[in-house]
Amino acid sequence: MDALLLARIQFAFTVGFHFLFPAMTLGVALIILISETLHLATKDDVYRRITDLLARLLGLIFVIGAATGIVMEFSFGTNWSGYSRTVGDIFGPLLAAEGVIAFFLESVFVGVLIFGRKKASPGVYWASALLVFIGGHLSAFWILVAN
């Protein structure tokens, strides 16, 4: 096998693995938002425990998705440098918008969900769940626009 084929196999594995995690992030963020809303409305401790468990799961999913996404972005430049030069003026700003607008929003408030249960008020904690949900969907929007 030559280096190009190995690089493309590695990229295929990375993309195939990465593809799973944004979808899981979107779904888990929705369930967290619903369970935290039910916890605020009913004060039932079961919903708080569901939110806390899913927030830790979301943190794991988010970290793995971010790590594979970074490898995937670098692979564009190393495996397909000609393609990157050709579409970089269009693709680059959209990826930057995804990172600055959506990814940072989502990542900050994932941290609040994981570490802020006892430090933030219930309303701020719920708003964090909402912002994670919005940030994830904005991120998916920008990636779809780029593609």
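## Exercises on a four-helix model

The side chain of histidine 18 has a polar atom 3.0 Å from the backbone oxygen of glycine 65, a polar contact being a pair of N or O atoms within 3.5 Å in which, within protein, one must be able to donate a hydrogen and the other to accept it, and residues adjacent in sequence count only if both atoms are side-chain atoms. The model is predicted, with local features requiring pLDDT of at least 70 and side-chain atom pairs pLDDT 80 or more, while totals for chains, interfaces and linings use all residues. Residues are numbered from 1 along each chain as its sequence is written, and side-chain values use heavy atoms, with hydrogens and water left out.

**Exercise 1.** Describe the surroundings of histidine 18.

*Solution.* Begin with the position, which is in helix α1, helices being DSSP runs of H or I with at least four residues, and strands runs of E with at least two, numbered from the N terminus. Next, histidine 18 counts as buried because its relative accessibility is 14%, where buried means under 20% relative accessible area, exposed over 50% and partly exposed in between, with a 1.4 Å probe and protein chains only. Then add the backbone nitrogen of glycine 69, which lies 3.4 Å from a polar atom of the histidine 18 side chain. Finally, leaving aside neighbours within four places in sequence, histidine 18 is in contact with Gly65, Thr68, Gly69 and Met72, contact meaning heavy atoms within 4.5 Å.

**Exercise 2.** Determine whether glutamate 36 is buried or exposed, and find its partners.

*Solution.* Glutamate 36 lies in helix α1, which covers residues 3-42, and it counts as buried because its relative accessibility is 0%. Not counting residues up to four places away in sequence, glutamate 36 touches Thr51, Arg117, Tyr125 and Trp126. With threonine 51, the glutamate 36 side chain makes a side-chain to side-chain polar contact of 3.4 Å.

**Exercise 3.** Assess the confidence and the overall make-up of the chain.

*Solution.* Start with the mean pLDDT of the protein chain, which is 91, with 100% of residues reaching 70 or more; pLDDT is the predictor's confidence in each residue, from 0 to 100. Confidence is lowest in helix α3 (residues 81-115), at a mean of 89, and highest in helix α4 (residues 122-146), at 94. The protein chain has four helices and zero strands, and of its 147 residues 33% count as buried. To finish, the C-alpha trace spans about 60 × 30 × 20 Å along its principal axes.
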